[in-house]
Amino acid sequence: MQEGTHVHTIGRRSILLPIFLFGLLFMTTGIIHLKYGSPAMTWAELLAAIFSNTEVDLHRTIVWEMRIPRIVLGFLVGTMLGAAGTMMQGAMNNKLAGPELLGISSGASLAMAAITVLHLPISVLVHPVVALIGGLLGGFSVVLASRGSRGTVGMLLIGMSVSAILNGLLIILIALGTSNDVNLLYTYLLGSLANRNWSHVLRMLPWTAAVLPLAFHFTRTLNVLQLGDEAAAGLGVQVQRSRLMILVLCTGLVAITVAQCGPIGYVALLAPHSIRSMVGSDDNRLVLPLSALCGGILLMTADTVARLLLYPMEIPVGVWTTLLGGAFFLFFFIKRQGGGVNA
């Protein structure tokens, strides 16, 4: 069976329309994020803060040292999550797969919480590596435990069980910490972009530059894996080896986001589904880059809502994405009548 018989033909219109919509949403959300908040700025003040470099004032500091880094970080994190979700769903041949449902986010969060509560002398530059190890342990636990199980429900239940165990260990770990540790972990574990700056962006960039391009090399493999294990093996793909490599790569995509912002749920689930519905194709040559773009825009928009909707109070963006993703997850299950078959 040829790959081209399984996927839809990629049309120019399928690519240009979402790119145009995402560009428009990026500009609109970015302007709202920069203009409103404390202090709100007039258009003249905003333009002066962005383009004038003749003096250092409060508006310029807020725009360049607080709001722009937060936009950039949100876009990068969402991009990584969108790509990770697409790869996991393709590799598992399961459209409900995602780091928050397969133990990766929980494992990475547990590792990061251990650093905080146990006061381990680990440099912030090494935190992503620790999160990567935790995420791999969580993801491999689900993969090993689900061997032999069939269908969406089996893998999801095992993934939820492993995540519940890891979250239980996380609560025990937090209980062992001091009140300062608890306060520090509270916002982090909800997933937040608040109080992030250029240093967080700079720690993200090397990982993004190293891992994200690798993801695009697996688009053909992902397309073949979507045909099923037997068909993929017949086409020369080493299924288990490819799946393992993709899982490691996905964990690398997710680990750096957890290390910088905490576990932000369901962006990895929502972005690929939104793109597939928009372009009407499962071809990962199209879906993967557009899902990465969609994830960036989605998280950037959700963070703007989190910052401004109940202003001056701010709800961490991870809460909003979880509410949105949970509603989508419930809708998807009802639509599939309980998920008795692979989605």
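Partly exposed here means a relative accessible area between the buried limit of under 20% and the exposed limit of over 50%. All views below come from a predicted model.

**View 1. A nonpolar patch on the surface around V124.** Look for V124, L125, V126, V129, I133 and L137, which together offer about 540 Å² of accessible area. V124 sits in the loop that links helix 5 (104-117) to helix 6 (127-145). With a relative accessible area of 42%, V124 falls in the partly exposed class.

**View 2. H119, with a positive phi.** This residue shares the loop between helix 5 and helix 6. Its phi is near 50°, and H119 isn't a glycine. H119 is exposed, because its relative accessible area is 54%.

**View 3. Y266, just before helix 13 in the loop from helix 12 (239-261).** Here's another positive phi outside glycine, near 75° for Y266. At 15% relative accessibility, Y266 is buried.

**View 4. Helix 13 crossing helix 15.** The axes of helix 13 (residues 267-279) and helix 15 (residues 317-335) come within 9 Å and cross at roughly 55°, so the pair is oblique. The crossing is left-handed.

**View 5. Two cis peptide bonds, each leading into a proline.** Most peptide bonds are trans, so these are worth a look. S38 to P39 has omega near 0°, with P39 in the loop between helix 2 (12-35) and helix 3 (43-51). For Y311 and P312, omega is about 15°; P312 belongs to the loop between helix 14 and helix 15.

**View 6. A302 in helix 14 (residues 284-308).** A302 counts as buried, at 13% relative accessibility. Its C-alpha lies 15 Å from that of M313, 11 residues apart along the chain.

Note on methods. Residues are numbered from 1 along each chain as its sequence is written. This is a predicted model: local features need pLDDT of at least 70, side-chain atom pairs count only at pLDDT 80 or more; totals for chains, interfaces and linings use all residues. Side-chain values use heavy atoms; hydrogens and water are left out. Patches are made of residues with over 30% relative accessible area and no salt bridge: like charges are joined within 9 Å, nonpolar side chains (Val, Leu, Ile, Met, Phe, Trp, Tyr) within 5 Å. Accessible areas come from the Shrake-Rupley method with a 1.4 Å probe; for residues, only the protein chains shown count as cover. A salt bridge is a side-chain nitrogen of Lys or Arg within 4 Å of a carboxyl oxygen of Asp or Glu. Helices (H or I, at least four residues) and strands (E, at least two) are DSSP runs, numbered from the N terminus. Buried means under 20% relative accessible area, exposed over 50%, partly exposed in between (1.4 Å probe, protein chains only). Axes are lines fitted to C-alpha atoms, for helices over the stretch in contact, and angles run from 0 to 180 degrees between N-to-C directions. Angles under 35 degrees count as roughly parallel, over 145 as roughly antiparallel, 65 to 115 as roughly perpendicular and the rest as oblique. A crossing is left-handed if the near helix is turned anticlockwise from the far one by less than a right angle, and right-handed if clockwise.
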